[in-house]
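Trainee: Could we go through this structure together, one topic at a time, with the reasoning spelled out for each answer?

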Amino acid sequence: MSNDFQDGWIVLDGLNFHYTEWGNPAKPTVLMLHGLNVQCHTWDPFARQLADRYHVLCLDLRGHGDSDWARTGYRVRSFARDVHHFIDAMGVGPVHLVGHSNGVRVGIAVAGEKPETIRTLALSDAGPSNSPEGAVAMRDFIQGTTNLKGFRNEAEAREFYLGYHPEWTEEFIDLHVKYQLRKNWAGKLVPKADPDLQWITGSISLPDVKYLWKMAKNLTMPTQIMAGRTSNVIDADVVDKMVATMPNAKVEWYDAGHYFLRELPDQFMATLNAFLSEHEA
């Protein structure tokens, strides 16, 4: 099992992007897209396990992690354009694409716009739209975790994240503390993510919803939907609509919430491994 990754940097459309790279570049590529207000290292435990069989790339999306903030904003098609350019620049298509939360929305746009670049699609607890309750819950959560006053030290940050996510396995808490924050000029640990990302959860993104349902019709590649039974983001109605809309989709449910991949990482990894193995070239 590989414990090694390399940090990479690439300029796309004038923005500097950070990514991690795992495994052998000669093997099939798995591209992993994180959720809103997170960063690529949230995939470390899974990328480490995949690296023996795959070439794994985990990208910090615009406005997140160590990638540049974007003055032009965070429309889903802007995220998707970045990913298209990343795949082209790295010369790795077609890829197995894995997304969680906002990474699902970006993945649907990427795969719908250019289906020939995506070998398989794994979508973790999000869809073209949220459930009505999920839209409110995500807005409140993102606003609450974006506008932080800052932490004095890592211990204080760890206590905060444990309070928000007591159900997570500790490795994911540690990754948040290590990679989610930067030290500002006042010596405080503050989120790396652009505060303007919070507007994604408001009405400004309503046109993206219509667009993503349109793109969902183009997903001819094998598609694995994963959903939490107690998720506060999507529900059975959204999942049923996804299955009815996407030409080649199946579903697995988890007895957990939106972050089931951090609550039940072994089950998530088993599902992902089985799905990828089923569709190896």
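Trainee: Which residues line the second largest pocket?

Mentor: Please bear in mind throughout that this is a predicted model. The second largest pocket holds about 160 Å³ of space, and the residues of its lining divide into five nonpolar, two polar and four charged. By name, the residues that line this pocket are A70, R71, G73, Y74, R75, D196, W199, I200, I204, S205 and D208.

Trainee: D208 appears in that lining, and it belongs to helix α7; which helices do the buried residues of α7 pack against?

Mentor: Helix α7 covers residues 206-216, and its buried residues are D208, Y211, L212, W213, M215 and A216. The helices against which these buried residues pack are α2 (76-90), α3 (102-113) and α8 (236-245).

Trainee: How many disulfides does a search of the whole structure find, and why is there no bond between C40 and C58?

Mentor: A disulfide is a covalent bond between the sulfur atoms of two cysteines. The cysteine sulfur closest to that of C40 is in C58, but because the two are 6.2 Å apart, they are too far from each other for a bond, the cut-off being 2.5 Å. Both residues are buried, C40 with a relative accessible area of 0% and C58 likewise with 0%. The number of disulfides found in the whole structure is therefore zero.

Trainee: Turning to the largest nonpolar core, which residues touch the most other members, and what is L31 in contact with beyond its neighbours within four places in sequence?

Mentor: The largest nonpolar core has 50 residues, and those touching the most other members are L31, V83 and I118. Once neighbours within four places in sequence are left aside, the contacts of L31 are L57, V83, F86, I87, V95, H96, L97 and V98. There is also a second, separate core of 36 residues, which includes M32, A47, Y54 and A157.

Trainee: Is G91 buried or exposed, and how far apart in space are G91 and F79?

Mentor: G91 is placed in the loop between α2 and β5 (95-100). Its relative accessibility is 62%, and because exposed means over 50%, G91 counts as exposed. G91 and F79 are 12 residues apart in sequence, and from C-alpha to C-alpha their separation in space is 18 Å.

Note on methods
Residues numbered from 1 in each chain as written. Predicted model: local features only at pLDDT ≥ 70, side-chain atom pairs only at ≥ 80, totals over all residues. Heavy atoms only, no water. Buried < 20%, exposed > 50% of the residue type's maximum accessible area, 1.4 Å probe, protein only. Core = buried A, V, L, I, M, F, W, Y, C linked by side-chain atoms within 4.5 Å. Contact = heavy atoms within 4.5 Å. 1 Å grid on protein atoms, 1.4 Å probe; cavity = no way out; pocket = protein on both sides within 12 Å on 5 of 7 lines; lining within 4 Å. Points joined across faces, edges and corners; volume = space filled by probe spheres on them. Nonpolar A, V, L, I, M, F, W, Y, C, P; charged D, E, K, R; others polar. Helix = DSSP H or I, 4+ residues; strand = E, 2+ residues; numbered from the N terminus.
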